[in-house]
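Please take a moment with the sequence and the model below before reading on. The paragraphs that follow lead from the whole chain to two of its elements.

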Amino acid sequence: MNEYEQRQEAINRHLLGEKNSKIAHSFGKSRKWVHQWINRFKQKKDDPGWYKDESKAPKYIAVKTEAEIEQQILIVLILFTLILKSTVFGQDVINSKESSKLWYGRKNTR
C-alpha cells in the first residue's frame, strides 16, 4: 500500500469510528500523522486530491523587487562603477600631484 492509499484508508477508518491511535499503529505512523490527514480532509472535502502532497515552497515572496526596478538599479551601479573608475584611475588623476593621497587617504609610500 503506497502513501496515498494509506492516507485514504486512514480517513475511511476514522470515519467508521476507529480510534486514531489504533489507525496510526496499524500503519506504523504517529497519531500526529493521522491528525494531520484528518485536518487536511476536513479542510478539502470537496477536493478529490486532498490526500496528495502540497508544495512546501512559500506561497508568496514577502520582499521581492520588481524586475524593472532591479534593472534600473543595475544600470545605476554600472554607471557608478564606470564613473568611479574614470575619476580615480583615469589619466588626469594619476598624473596629478594629488594622486599619492588616493591610497586610503594617506600618502603613497612607493
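In what order do the elements of the chain run from the N terminus on? They run α-α-α-α-α, and the count for this chain, which is a predicted model, is 5 helices and 0 strands. Of the 110 residues in the chain, 16% are buried, and the accessible surface comes to about 9,700 Å², with carbon and sulfur atoms accounting for 56% of that area. As for how the chain meets itself, 34% of the contacts between residues at least 6 apart in sequence join residues that are at least 24 apart.

A good place to begin a closer look is helix H1, which takes in residues 3–15. Helix H1 has 13 residues and reaches 19 Å from its first C-alpha to its last, close to the 18 Å expected at 1.5 Å a residue. The N-terminal end of H1 is capped by asparagine 2, a side-chain oxygen of which lies 3.0 Å from the backbone nitrogen of tyrosine 4. After H1 comes glycine 17, whose phi is positive, near 100°.

Which residues of H1 are buried? They are Gln6, Arg7, Ala10, Ile11 and Arg13, and because they cover an arc of only 165° around the axis, they lie on the same side of H1. The general geometry of such an element helps here: an α-helix has 3.6 residues a turn, so residues three or four places apart point the same way. The cover over the buried residues of H1 includes helix H2 (20–27) and helix H3 (31–43).

That leads on to H3, which has 13 residues and reaches 18 Å from its first C-alpha to its last, close to the 18 Å expected at 1.5 Å a residue. Buried in H3 are Trp33, Val34, Trp37, Ile38, Arg40 and Phe41; these residues are on the same side of H3 because the arc they cover around the axis is only 165°. What lies on the face of H3 that is turned away from this buried side? That face carries the exposed residues Arg31, Lys32, Lys42 and Gln43.

The cover can also be followed in the other direction, since what covers the buried residues of H3 includes H1 and H2. Taken with the earlier view from H1, whose buried residues have H2 and H3 as part of their cover, this gives the reader a way to trace how these helices are placed against one another in the model.

Methods. Residues are numbered from 1 along each chain as its sequence is written. This is a predicted model: local features need pLDDT of at least 70, side-chain atom pairs count only at pLDDT 80 or more; totals for chains, interfaces and linings use all residues. Side-chain values use heavy atoms; hydrogens and water are left out. Helices (H or I, at least four residues) and strands (E, at least two) are DSSP runs, numbered from the N terminus. Buried means under 20% relative accessible area, exposed over 50%, partly exposed in between (1.4 Å probe, protein chains only). Contact means heavy atoms within 4.5 Å. Accessible areas come from the Shrake-Rupley method with a 1.4 Å probe; for residues, only the protein chains shown count as cover. The expected span of a helix is 1.5 Å times one less than its number of residues. The arc is that of the directions from the helix axis to the C-beta atoms. A polar contact is a pair of N or O atoms within 3.5 Å; within protein, one must be able to donate a hydrogen and the other to accept it, and residues adjacent in sequence count only if both atoms are side-chain atoms.
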